[in-house]
Amino acid sequence: MSVFNADLIGKKPLLISGPCSAETEAQVHETVQQLSKTKKVDFIRAGIWKPRTRPGMFEGVGTPGLTWLKDAGVAAEIPVMVEVATSKHVEESLKHNIDAIWIGARTTVNPFSVQEIADALRGTAIPVFIKNPINPDIDLWAGAVERVEKAGVASLALIHRGFSAYGNTKYRNPPMWHLAIEMKRRFPILPMICDPSHICGNRELLQYVAQKSIDLDYNGLMIESHIDPENAWSDAKQQVTPENYLKLINSLTWRTEEITKQEVISALMQLRGQIDELDDELLILLSDRMKIADKIGIYKKENNITILQTARWNEIRQRALDKMLQLGLSKEFIIRYFDAVHIESIHHQTKIMNDG
Ligand code: PEP
Ligand code: MN
């Protein structure tokens with residue numbers, strides 16, 4: 001069962017901003033000062049040790065950056081947070097009275113590293129934010145939460161920063177929203193923060209992704225900001241100036257999951273009733289569809305025909321794709337839906353073929 005100390009990180013919306021990396025003392029102080037003026041920052045973030053994909057890139061300023069960040073935070077009266085990847089990072093952060101830490105995407109993937117961090121956190125009260133692992137594996141994310149919880153950390157939150165995917169997409173790391181939604185379902189009391197910066201990898205999409213996370217009832221945002229984004233030493237393409245950070249935050253529409261107006265409650269209840277009825281009908285239709293697949297399986301078995309008939313499978317998909325515009329359904333949905341139906345159908349037929 002998740003434990004959660006609401007006093008520290010339970011604010012909604014919880015707003016986190018700051019540079020991808022601490023670069024110089026002056027840069028850290030200036031960024032914090034400018035962010036403080038926006039009055040829309042609950043935590044300042046800065047990377048001190050930077051996990052970079054390839055060597056030779058800027059790998060962070062290391063421990064001196066902790067002093068710069070903490071001093072700047074104290075001056076502005078805003079708590080500060082850094083990323084930790086090893087037990088040494090945890091110890092250094094605690095020694096410098098850093099107010100919260102996060103576990104980065106490249107660390108969450110590794111249970112050895114997460115366990116090492118969890119062990120270093122035992123007996124401490126520092127809040128911990130856990131980013132999703134870089135690969136789309138929800139159990140790794142859940143496992144990291146469980147390791148940190150088991151170490152007795154009482155103040156925990158999740159950060160959704162997108163997942164790596166093969167090939168070009170409009171995002172740097174596609175959000176794969178359904179994975180974060182499933183984490184919200186599994187850990188309902190943990191705040192879920194969206195990190196649009198690392199999802200987007202550019203400034204143009206930040207607003208869209210931030211708004212979408214609010215519409216999905218996320219608890220807050222982590223957005224990278226820099227006094228001179230173009231010349232940032234890491235993640236230059238996605239950072240915004242504190243001024244543009246404020247514009248972005250002010251452009252968002254905050255929504256609540258709670259429904260208070262009676263007419264809205266009744267309207268939603270009626271529409272949800274219709275959805276439940278349709279879902280029941282759809283399930284019966286799917287079950288009927290599988291019964292027909294079973295019959296086909298019997299014919300295939302008797303005649304020694306393979307289960308997979310690629311031409312027929314293409315035909316099924318194409319028939320649906322031809323109708324998608326008229327039905328107002330997206331191509332992604334049609335493909336995912338028919339993939340699921342097809343897998344289930346193969347499953348049924350495999351059972352029939354191999355029974356007895
Ligand atoms: C970061 O927050 O700057 C960072 C490195 O994040 P992630 O672990 O999400 O890549
Ligand atoms: Mn970054």
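Me: Which residue of β3 stands opposite I44?

Reply: V80 does. Bear in mind throughout that we're looking at a predicted model.

Me: And what makes β2 and β3 a pair?

Reply: The cut-off is at least two bridges. Strand β2 (residues 43-45) and strand β3 (residues 80-84) are joined by two bridges, so they count as paired. They run parallel.

Me: What do the strands add up to as a whole?

Reply: A closed barrel of eight strands, in the order β1-β2-β3-β4-β5-β6-β7-β8, with parallel pairing. Going from one strand to the next, the twist averages 30°. On the sheet packs α11, which touches β1 (14-18) and β8; the direction of α11 makes about 155° with that of β8.

Me: Which strands flank β8, and how do you know that they pair with it?

Reply: Count the bridges again: five join β1 to β8, and two join β7 to β8. Pairing takes at least two, so both qualify. Both pairs run parallel. On the β1 side, G18 stands opposite E224; on the β7 side, C194 has L221 as its bridge partner.

Me: Why is β8 called largely enclosed?

Reply: Because five of its five residues are buried. Both faces are covered: G220, M222 and E224 lie on one side, L221 and I223 on the other. That pattern fits the rule that side chains in a regular strand alternate between the two faces of the sheet.

Me: What about the faces of β5?

Reply: Strand β5 (residues 128-131) is covered on both, with V128 and I130 buried on one side and F129 and K131 buried on the other. As for neighbours, three bridges pair β5 with strand β4 (residues 100-103) in the parallel sense, and I101 stands opposite V128 there. Four bridges join β5 to strand β6 (residues 156-160), where I130 faces L158 as its opposite number. Between β5 and β6 comes helix α7 (residues 138-150), and the three make a right-handed β-α-β unit.

Me: What makes C20, H198, E224 and D235 donors of the manganese ion (ligand 2)?

Reply: Distance. A donor atom has to be within 2.8 Å of the metal, and C20 (SG), H198 (NE2), E224 (OE) and D235 (OD) lie 2.0 to 2.4 Å from the ion, so they pass. Along the chain their spacing reads C-x177-H-x25-E-x10-D. H198 in helix α9 and E224 in strand β8, 26 residues apart, link distant parts of the chain. Both H198 and E224 are buried.

Me: Why is C20 called buried?

Reply: Its relative accessible area is 1%, and buried means under 20%, so C20 is well inside that limit. C200, at 2%, counts as buried too.

Me: How do you know that C200 is in no disulfide?

Reply: A disulfide needs two cysteine sulfurs within 2.5 Å. For C200 the nearest cysteine sulfur, that of C194, is 7.9 Å away, so the test fails. A search of the whole structure finds zero disulfides.

Me: Last one: which elements do the buried residues of α10 pack against?

Reply: α8 (177-186), β7 (192-194), α9 (196-200), β8 (220-224) and α11 (242-251). The buried residues of helix α10 (residues 206-215) are L206, V209, A210, Q211, S213 and I214. After α10 comes D217, with a positive phi near 65°.

Methods: Residues are numbered from 1 along each chain as its sequence is written. Chains are lettered from A and ligands numbered from 1 in the order in which they are written. This is a predicted model: local features need pLDDT of at least 70, side-chain atom pairs count only at pLDDT 80 or more; totals for chains, interfaces and linings use all residues. Side-chain values use heavy atoms; hydrogens and water are left out. Buried means under 20% relative accessible area, exposed over 50%, partly exposed in between (1.4 Å probe, protein chains only). Contact means heavy atoms within 4.5 Å. Axes are lines fitted to C-alpha atoms, for helices over the stretch in contact, and angles run from 0 to 180 degrees between N-to-C directions. Donors are N, O and S atoms within 2.8 Å of the metal (3.2 Å for Na, K and Ca); water is not among the atoms, so sites may look incomplete. A crossover is right-handed if, with the strands pointing away from the viewer, the path from the first strand over the helix to the second runs clockwise.
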